[in-house]
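The following note was prepared for a colleague who wishes to review the side-chain packing of this protein. The points are numbered for ease of reply.

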Amino acid sequence: MKHVRTAHSLLHNRVTFHQAAPDLRSPSLENPAFDDRPPSPQHHDFDENNDGAFMPEEGMQLRPLFWTFHPLLTGRKCNIHGNFINQNVPPPSRTEASPTDWTPYESQVAFETAEFLYTRNQMSAAQIDTLLDLWAATLIQDNDSPPFTGHRDLYKTIDSTPLGDVAWETFTMSYNGVKPAEDIPPWMTAKYDVWFRDPHLLVHHMLSNPDFDAEIEYVPYRDYTNNDQCCYKNFFSGDWAWKQADIIAEDPETHGLTFVPLIIGSDKTTVSVATGHTEYHPLYMSIGNIFNGVRRAHRNGVVLVGFLAIPKSTKEHLNDKDFRNFRRQMFHSSLAKIFESVKLNMTIPDIVRCPNGHYRRIIYGLGPYIADYPEQLMLSGVVQNWCPKCLNYRKNLDSGGPSLLRCQEHTDLLVQELQHAHLWHEYGIIQEVVPFTNDFPRADIHELISPDILHQIIKGTFKDHLVDWVEEYLLLTHRASRAAEIMDDIDRRIAAIAPFAGLRRFPQGRGFKQWTGDDSKALMKVYIPAIKGHVPRDVIRAFSAFLDFCYIVRRDTLTEDDLTQLQDALNRFHQYREIFKMTGVVPDFSLPRQHSLNHYFLMIRLFGAPNGLCLSITESKHIKAVKEPWRRSSRYKALGQMLLTNQHLDKIAAARSDFEARGMLQGSCVSDALRALKNRSRELPDNDSDDNDNNELADTLQALPNCLRINEQPNQSVEVDAAEIVDGPAAQAHVELAALPIPGGAHDVSALALELKLPNFPTMIQQFLYDQLHVGDHEAPDFDPVAAPSFMGRVSVFSSAAASFHAPSDLSGTGGMRHEHIRATTSWRGGPARHDCVLVGTNNEVNCGLDGLAVARVLRFLSFKYRTKYLQCAVVHWFSYVTDSRDPDTGMHIVAPSTNDDGTPDISLIHIDCIFRAAHLIPLYGADFLPHEITPHDSYNVFRAFYINKYADHHAFEVA
């Protein structure tokens, strides 16, 4: 491989990748991130002759997109009485409380103590008492005490927080149909309690949350790229919100209002909550106005509404028709009752304060419902194995032709005209089910069922279908013992894959009983190379096409070109999956979860990027809303304790939002106390009587730095082996060395040359310094070791670096930022060495398969001071591309360790600013069985060729 120049200015030649460009962030009318946007509504005066809409001129270009906003539902500001106001006026004050009023807490220390103990540490009552007693013991001599006397005082203070207070309510349901004269089933006489919180009040709290300012949209809009392609991202960029606004705007009285769709989700969890004969599963809610990133990051963008009752029955009556119908209809009746409070304001405006402090007139509507397939059937009243979105026949779901979509109007007409048996067998409709959406305006349950990436794609199609089909194929093709040997080898291959930030380890392969969504996601990343050589080419291509579909559909932003790629991936998947039918693994592909992939194109256009509506959002919410509160309970009548815990958590979160909005949580408690102490020293009068006080205070301030460590939020991330989210706005990609160098390592160039077994290491440093001195020189003189600067001084060695980059399709902060650790250490966690691989930005002299990105393995991270400059660099072993194109089967590039003409490894020194991010390589295993002694730490050393794993994460899929 030809050497690249090692100066960090080479980054200017880096290509802009799909997810490396934060410019595609969808607009908000009040988003300060868009400095060159046209004036938003607050910059105009509104009067009776002004419609108050933010209407860019037709075709106006804003950054890389063209935006068109809805002309009638324009989100105008109003006063508390609902009268539209001058849009330039500042918002009314949220509170009359002073910036030093911590009510009901005594101080910042008291609030942060309560938040730490209750929310973060989740300390038990007994442990809280013990800690506060220990704290009190240290303060007795100063006649002082902790902020709380015990856990009861702490809980009482939290409970008295006025913000975020939405009380729990309950109602009881029971069967009221015809009962048999004798031997009445127990479910017919049982009473079922449903606990909930008023969704109307919950929406008020969400809309008034100042945390969402600049991350919320008030007007439906359409994004267009420079090529006039539609661009789908946040929920309000989809066609559904625009069409709903059109329907609402048919009434002239609604012009200027704000549409707020309620996104609902329900999902059972493994932690069962039971009182008497009732089992519950949680119900959640969000609003469509907030950004997808906020909803995915759980910044209070998803709230717990209630626990739905599921009636139980004995096995004798479990399949009884009346019981099944009662269970379905009670589900719908519960939802209708819970959301009854918002029904009025679906036609009559509600006046609500919004995150920026202004009031707006709000019209609500039922938005998408997030649910897995069984719950989608219950919601839509559709028979098992039918599609809840279309009318395709259950035995031929993928008929090849266009699907006729279901709609509630058509369903109601069929129910009126046809008999029960005809509806069931010919249309897959359960006659007795009346969807709860029938009670609300502008709501069609078939349209509102949202995509479910987790269960339809990840758990369903990948794990339950494709992975199981591979095992079935091996059993059909080989004798049982040989198939078992092959599956064991696949497990060894998976277990031997090199570690990578955020990549789950499978030390025993994929042979475990209880699969979770995270297990399936992790296996997707490494499965294709592990099975290649053991299965036919079409199986590999089917997996590759399917994973392409999965990763494209998870993009943060999708354009029409992306939808074309998505359709191409689905077509290839349908083509290559035929191998499973040809080999007798499956008789047909009439599978509802696989069939649902056909509907993603429509749902993306309707609802925006699907990752904002995935069921993984509600499943991860289970942890905070259900599982952790359940673990904190005494397990005796746990539900009541869980409800109270959730109420307390909401109060603390609301209090934090309020304190932050008033600028009261700047810095740590210690820094705030020091600041107050210094201010006090300045305010003390300068006279003889106060000399002693002044001297004492001065001595205290002087001594504090020696006995206190102010733990501000560090810039360097914690040393963990996982990719981490970075909250805050999008920023330029960058790499930082670890906070501290390795103690006791090689500290000069000569010693490091011996440790690395690189006799020419001093010359490599010369080459590096030469490149740094000639940054920007278009015609730099040839490198001459005799004339080039040299360095033989002290060098600091680091075990890792952290790469930060914009990756909104992966788990990331609200701004889409994420970082990962890159390791280069002689001993990882007390074991063998670990040297990760990286993608390196190169100049135009290098022909790379990844559009200007080379692959290298980091041997050491270094830093040293040369003259007045502090230089950070990495010793890397280059990889070369085997071919310029991707492997036609896996869709991945193949690389091999590069050598010089004399056969020595191709090693050089580069500036860390040339590093883009970590790269994950997986060996080409071939058809041979893997030796048992191969470990993950051997992976990069014993194999001669590797795939660049584009499925390591969603950002890698865009760049690799």
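1. Does Tyr175 count as buried or exposed at its relative accessibility? At 15% relative accessibility, Tyr175 counts as buried, because buried means under 20% relative accessible area. The structure under review is a predicted model, and the values below should be read accordingly.

2. On confidence, the average pLDDT of the protein is 84, and 84% of the residues score at least 70. Two stretches call for separate mention. Residues 273-278 have a pLDDT below 50, and beyond near neighbours in sequence the model gives this stretch 13 contacts. Over residues 708-721 the pLDDT likewise stays under 50; here the model has 31 contacts beyond four places in sequence.

3. The largest nonpolar core comprises 192 residues. Phe339, Phe436, Ile457, Tyr527 and Phe861 are those with the most contacts inside this core. The element that gives the most to the core is helix α17 (residues 537-553), with 12 residues. Apart from this core lies another, of 23 residues, which includes Leu769, Val797, Phe864 and Tyr866.

4. Phe339 merits a closer description. When its neighbours within four places in sequence are left aside, Phe339 is in contact with Pro199, Leu262, Ile264, Leu283, Met285 and Phe440.

5. A search of the whole structure returns 37 aromatic pairs. One of them is formed by Phe111 and Phe659: the ring centres are 5.0 Å apart and the planes stand at 85°, so the pair is edge-to-face. Because Phe111 belongs to helix α1 (residues 108-120) and Phe659 to helix α23 (residues 638-661), the pair ties together parts that are 548 residues apart in sequence. Both Phe111 and Phe659 are buried.

6. Tyr175, introduced in the opening question, pairs with Phe326. Their ring centres lie 5.6 Å apart with the planes at 90°, so this pair is also edge-to-face. Tyr175 is in the loop between β4 (168-174) and α4 (186-189), whereas Phe326 is in helix α8 (residues 321-338); the pair therefore ties together parts that are 151 residues apart in sequence. Phe326 is buried, its relative accessible area being 10%. Tyr175 and Phe326 also belong to one aromatic cluster, together with Trp187, Tyr192 and Phe323.

7. Arginine side chains are also found over aromatic rings. The charged end of Arg76 sits over the ring of Phe84, at 4.1 Å from its centre. Arg635 lies over the face of Trp630, where the distance to the ring centre is 4.1 Å.

8. How many salt bridges does the structure hold? The number is 31. In one of them, the side chains of Asp239 and Arg222 meet with an N to O distance of 3.8 Å. This pair links distant parts of the chain, since Asp239 is in helix α6 (residues 239-248) and Arg222 in strand β6 (residues 221-224), 17 residues apart. The partners fall into separate accessibility classes: Asp239 is buried, with a relative accessible area of 17%, while Arg222, at 22% relative accessibility, counts as partly exposed.

9. A further salt bridge brings together the side chains of Glu560 and Arg605, at 3.1 Å from N to O. Glu560 lies in helix α18 (residues 560-576) and Arg605 in helix α21 (residues 600-607), so that the pair links distant parts of the chain, 45 residues apart. Glu560 is partly exposed, with a relative accessible area of 23%; Arg605, at 30% relative accessibility, also counts as partly exposed.

10. Helix α18 also holds a salt bridge between Arg572 and Asp568, whose closest N and O atoms are 3.1 Å apart. Because Arg572 and Asp568 are four residues apart in this helix, about one helical turn separates them. Arg572 is partly exposed, with a relative accessible area of 24%, and Asp568 is partly exposed, with a relative accessible area of 42%.

11. Finally, Lys532, Arg537, Arg541, Asp887 and Asp889 are joined into one network by salt bridges that share partners.

Note on methods:
Residues are numbered from 1 along each chain as its sequence is written. This is a predicted model: local features need pLDDT of at least 70, side-chain atom pairs count only at pLDDT 80 or more; totals for chains, interfaces and linings use all residues. Side-chain values use heavy atoms; hydrogens and water are left out. A nonpolar core is a set of buried Ala, Val, Leu, Ile, Met, Phe, Trp, Tyr and Cys residues joined through side-chain atoms within 4.5 Å. Buried means under 20% relative accessible area, exposed over 50%, partly exposed in between (1.4 Å probe, protein chains only). Helices (H or I, at least four residues) and strands (E, at least two) are DSSP runs, numbered from the N terminus. Contact means heavy atoms within 4.5 Å. Rings of Phe, Tyr and Trp (its six-membered ring) pair if their centres lie within 6.5 Å; planes under 30 degrees apart count as stacked, over 60 as edge-to-face and the rest as tilted. A charge sits over a ring if NZ of Lys or CZ of Arg is within 6 Å of the ring centre and within 35 degrees of the ring normal. pLDDT is the predictor's confidence in each residue, from 0 to 100. A salt bridge is a side-chain nitrogen of Lys or Arg within 4 Å of a carboxyl oxygen of Asp or Glu.
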